[in-house]
Amino acid sequence: MSTSDISSSLQRTSLYDTHVAIGGKIVPFAGFEMPVQYAGVKQEVLALREGCGIFDVGHMAQFDVRGENVTQALNAIVSADWSKVAVGRAAYGLLLNENGGVIDDIMGYKLADDYWFVVSNASRADVDEAHFKDHLPEDIDFNNRYADQAMIAVQGPNSEAVLQQFCDIDLSELSLRDVRPATVLGNPCLIVRGGYTGCDGFEWVGDAATAPELWQKLQEAGAAPCGLGARDVLRLEAGLPLYGHELREDWTPDESGVAFAVKTEKGDFIGREALLEKRQASTTKTVRGLQVLGRGIAREGYAVTLNGAEVGLVTSGSPSPTLEANIALALIPAELPLESEVDIVIRNATHPAKIVALPFVARTTKTNKPKS
Amino acid sequence: MNTPENLLYTQSDEWLKKEDDGTVTLGITDYAQHELGEIVYVELPEVGSTVAVGDSFGVVESVKAVGDLHTPVGGEVIAVNDAAPDSPAIVNESPYENGWLVKIKPDAEPDTSALLDAAAYTSYRG
């Protein structure tokens with residue numbers, strides 16, 4: 001986990017007072033004072049999976065990128081093909097360095113032909129900003145919002161019913177990764193269908209002054225406040241990568257298990273050439289799912305062995321409240337078959353684990369409606 | 001925060017009880033179990049193993065946190081609470097009674113000068 005510059009004064013989102021008032025345990029995270037948990041990580045995970053949970057994600061890096069040729073300019077930087085993204089849609093992508101390593105993963109929301117809103121990891125805000133500024137042409141206007149607007153993620157099977165009570169657009173009409181301007185509690189905002197939990201859900205992006213009232217209303221409507229701890233467990237259960245764990249500057253997207261987000265055939269982008277060269281050498285390891293067969297809990301950094309020889313390492317690991325099993329993501333040889341066993345070294349003792357398919361918990365995101 | 005008067009405390013949030021027979025019982029404090037949150041895994045040493053002052057004698061883990069247990073006394077582990085690994089929630093529910101962790105037969109008179117009494121621990125974590 002990144003601990004970038006927590007010694008200097010920490011920032012707070014507009015929901016800080018709310019978190020404190022409702023008993024959130026505040027920790028420093030990526031330069032912000034953020035709630036790691038409220039009622040407890042396990043309870044929060046289960047409340048979200050069974051109903052609805054809300055996260056303050058206002059600490060995430062938020063950039064406005066504008067210009068006549070903005071799509072072309074961004075497409076020369078991100079790994080995915082953003083040239084085909086329609087206005088009103090969101091897209092996932094990676095920022096790669098010149099060596100083909102992963103700087104960060106990002107979401108881009110295409111709000112107009114000349115306007116993208118880009119969201120990335122709080123812990124990588126400065127690095128991402130520098131990367132964009134280094135590589136975007138001068139005619140592209142790039143602005144860091146420095147968290148002056150708020151973001152709340154509303155996640156879980158009941159998220160549509162909960163958020164709909166305060167929202168003027170018909171949320172049932174949004175497919176996964178649709179982005180719409182809307183009015184919530186009388187104030188303009190953006191609503192995105194998606195999230196980072198593997199569940200159905202939405203993100204509200206709006207004005208900081210509205211956030212505390214919306215949070216309170218969502219809670220009254222049955223949403224459980226969820227902290228960073230639950231967020232990390234939920235994304236792990238969904239098999240989703242996180243920078244600093246699965247995504248690293250010295251690992252390629254293939255190693256990180258996010259090759260799906262790389263479209264080398266779209267044309268040139270930063271890191272493409274290096275990645276293609278590395279692919280010639282063939283990737284031997286990739287991030288995969290493990291389930292511990294006993295009671296031991298795998299944690300980040302633990303070694304993975306096969307017949308006593310070290311073959312990889314755990315990148316994220318936790319008990320899964322949803323599955324009632326101990327799960328992990330680990331960088332291990334790609335050729336090992338599913339269901340085959342390896343060992344995880346936990347405090348000098350080996351614990352057997354089997355290789356399982358990702359995601360650990362089946363995704364229940366709302367799939368795209370067929371487009372006619 | 002519950003801090004019984006008859007126990008001694010470490011700055012790393014273990015408690016120690018001197019038993020009448022010269023053995024000591026160790027566990028984690030109410031503060032520690034609360035900070036960890038719901039405990040889902042407890043790992044304890046083998047009965048018969050020996051530990052030195054400051055050694056790790058096990059772990060208690062919640063979903064997101066790993067707490068290393070350190071003993072303030074050296075000696076032989078003469079009993080472990082099997083209920084704790086079997087039902088880790090017992091450590092949350094009863095950290096000073098049913099959720100005790102190990103009993104140690106000290107190899108010398110324990111040096112408790114560095115330990116805190118209930119008042120000092122309360123003000124340390126208060």
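With a relative accessibility of 6%, A30(A) counts as buried in this predicted model, because the cut-off for a buried residue is under 20%. A30(A) sits in the loop that links β1 (25-29) to β2 (32-37) of chain A. Although A30(A) is not a glycine, its phi is positive, at about 50 degrees. As useful background, most residues other than glycine have a negative phi, and most peptide bonds are trans.

A second residue of chain A is worth a look here. L185(A), also not a glycine, has a positive phi of about 50 degrees. The loop that holds L185(A) runs between β10 (179-184) and β11 (187-193) of chain A. L185(A) is partly exposed, its relative accessible area being 23%. Further along the chain, the peptide bond between L358(A) and P359(A) is cis, with an omega of about -5 degrees. P359(A) belongs to the segment that follows β19 (349-356) of chain A.

Stepping back to the overall layout, chain A is divided into domain 1 (3-52 + 149-237), domain 2 (61-146) and domain 3 (284-356). Between domain 1 and domain 2 of chain A, the C-alpha centres are 23 Å apart. To their contact, domain 1 of chain A brings 14 residues and domain 2 of chain A brings 13 residues. The size of an interface is often given as the accessible area lost when the parts come together. For domain 1 and domain 2 of chain A, the buried area comes to about 1,200 Å², with 55% of it on carbon and sulfur atoms. Three residues stand out on the domain 1 side: Q149(A), R177(A) and V179(A) supply 45% of the area that domain 1 of chain A buries against domain 2 of chain A, more than any other three residues.

Polar groups also take part in this domain contact. One salt bridge is counted between domain 1 and domain 2 of chain A. The side chains of D178(A) and R89(A) form a salt bridge, with 2.7 Å from N to O. Nine residue pairs are in polar contact across the interface of domain 1 and domain 2 of chain A, both residues being at pLDDT 80 or more. On the domain 1 side, β9 (149-155), β10, β11 and β12 (201-207) of chain A each give two or more residues to the surface touching domain 2. By residue type, that side of domain 1 of chain A divides into seven nonpolar, three polar and four charged residues.

The model also contains a contact between two chains. Chain A contributes 15 residues and chain B contributes 14 residues. Together, chain A and chain B bury about 1,300 Å², and carbon and sulfur atoms give 48% of this area. Arginines feature strongly on the chain A side, where R295(A), R299(A) and R347(A) supply 41% of the area that chain A buries against chain B, more than any other three residues.

Seven salt bridges are found across the interface of chain A and chain B. In one salt bridge, the side chain of R295(A) meets that of D86(B) at 3.6 Å, N to O. Nine residue pairs are in polar contact between chain A and chain B, with both residues at pLDDT 80 or more. On the side of chain A that touches chain B, α2 (41-50), α7 (228-237) and β16 (309-320) of chain A each supply at least two residues. The largest share there, three residues, comes from α7(A). This side of chain A is made up of five nonpolar, four polar and six charged residues.

Note on methods. Residues are numbered from 1 along each chain as its sequence is written. Chains are lettered from A and ligands numbered from 1 in the order in which they are written. This is a predicted model: local features need pLDDT of at least 70, side-chain atom pairs count only at pLDDT 80 or more; totals for chains, interfaces and linings use all residues. Side-chain values use heavy atoms; hydrogens and water are left out. Contact means heavy atoms within 4.5 Å. Buried area is the accessible area (1.4 Å probe) that two parts lose on being put together, summed over both. A salt bridge is a side-chain nitrogen of Lys or Arg within 4 Å of a carboxyl oxygen of Asp or Glu. A polar contact is a pair of N or O atoms within 3.5 Å; within protein, one must be able to donate a hydrogen and the other to accept it, and residues adjacent in sequence count only if both atoms are side-chain atoms. Helices (H or I, at least four residues) and strands (E, at least two) are DSSP runs, numbered from the N terminus. Ala, Val, Leu, Ile, Met, Phe, Trp, Tyr, Cys and Pro count as nonpolar, Asp, Glu, Lys and Arg as charged, and the others, Gly among them, as polar. Buried means under 20% relative accessible area, exposed over 50%, partly exposed in between (1.4 Å probe, protein chains only). Domain bounds come from an automatic or database domain assignment.
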